[in-house]
Amino acid sequence: MTTFNESLLPNESDISHFKEYGWYCSDAVFSDKEIKTALQGMEEFYSGKRDNKLANTLGIANDTHNDKQKIRNNEFVTLQNNNLKQIGWHPVIKQTAQILMDCKAIRLFSDSLISKYPVPTSKNQGIVGWHSDKAYWPTCSSNNLLTFWIPLQDCTIEMGTCSLYKWQSSMASKRATAFFLIQLTKPRRHEAIFK
Ligand SMILES: O=C(O)CCC(=O)C(=O)O
């Protein structure tokens with residue numbers, strides 16, 4: 001059974017922060033070994049190895065490497081590769097979600113393995129645009145949803161990391177926030193959408 005140090009779970013102050021802002025940044029919860037295993041799973045997946053084959057890949061992000069495309073996105077990878085499942089289905093994720101959402105059961109709805117290739121900043125590519133994940137899940141009737149962002153490498157500010165807006169319940173299902181692959185060049189415009 002996978003074990004972890006329970007002091008890594010969100011504490012009262014983390015929970016209050018999450019309630020106010022809609023996000024929370026944990027300490028490093030995965031061991032170097034777990035990250036290494038996930039990276040191995042990523043290599044396996046990208047080289048075409050599958051531990052389990054999806055019955056259907058129609059309609060899901062299932063990119064192959066393409067030099068011109070600076071972001072590669074593949075969905076439902078934890079169902080297809082056991083080493084990626086190890087990190088995506090890790091008990092620390094499940095228990096963190098249960099604590100933050102204050103619920104007994106968690107269902108994993110979706111996962112995404114995303115690679116961003118280095119591009120000169122002037123090119124305005126290789127960056128995931130502002131979006132709310134709910135905008136991509138229109139069939140999901142619940143707003144009680146949570147995304148975990150797990151960097152598999154150290155991410156510096158210069159490289160770009162994940163930025164989050166303060167939670168606004170009104171934006172949860174807005175199709176207008178579906179800007180995953182679109183770079184909004186005018187910050188004011190996306191600020192207005194997220195207000
Ligand atoms: O890694 C990214 O830039 C995108 C991640 C993302 O879209 C998400 O966590 O919902």
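## Ligand shell

The shell around the ligand is made up of four nonpolar residues, one polar residue and one charged residue. The residues that surround the ligand are Ile114, Val128, Asp133, Thr147, Trp149 and Cys162. Asp133 is the charged member, because Asp counts as charged. Thr147 is the polar one, since Thr is neither in the nonpolar set nor in the charged set. The model is a predicted one.

## Overall fold

Five helices and two strands are found in the protein chain. Read from the N terminus, their order is α-α-β-α-α-β-α. The chain has 195 residues, of which 12% count as buried.

Contacts between residues at least 6 apart in sequence were also sorted by separation: 72% of them join residues at least 24 apart.

## Helix H1

Helix H1 spans residues 12-21 and is hardly covered. Among its ten residues, the count of buried ones is zero. Gly22 follows just after H1 and has a positive phi of about 85°.

## Nonpolar core

The largest nonpolar core consists of six residues: Phe30, Ala38, Val77, Leu84, Ile87 and Leu113. Ile87, a member of this core, touches Phe30, Glu34, Ala38 and Ile150 when residues up to four places away in sequence are left out. Two of these partners, Phe30 and Ala38, belong to the core as well.

Several of the core residues can be placed on the named elements. Leu84 and Ile87 fall within helix H3 (82-88), and Leu113 falls within strand S2 (112-116). Val77 sits in the loop between strand S1 (71-75) and helix H3.

## Positive phi outside glycine

Phe76 is not a glycine, yet its phi is positive, at about 60°. The residue is located in the loop between strand S1 (71-75) and helix H3 (82-88). How is Phe76 classed by its C-beta neighbours inside 10 Å? Phe76 has 18 of them and therefore counts as partly exposed, because the class of buried residues begins at 20.

Asp102 is another residue other than glycine with a positive phi, in this case near 55°. Asp102 is found in the loop between helix H4 (91-101) and strand S2 (112-116). With 9 other C-beta atoms within 10 Å, Asp102 is exposed, since a residue with 12 or fewer falls in that class.

Methods: Residues numbered from 1 in each chain as written. Predicted model: local features only at pLDDT ≥ 70, side-chain atom pairs only at ≥ 80, totals over all residues. Near = placed C-beta within 6 Å. Helix = DSSP H or I, 4+ residues; strand = E, 2+ residues; numbered from the N terminus. Contact = placed C-beta atoms within 7 Å. Core = buried A, V, L, I, M, F, W, Y, C linked by C-beta atoms within 7 Å.
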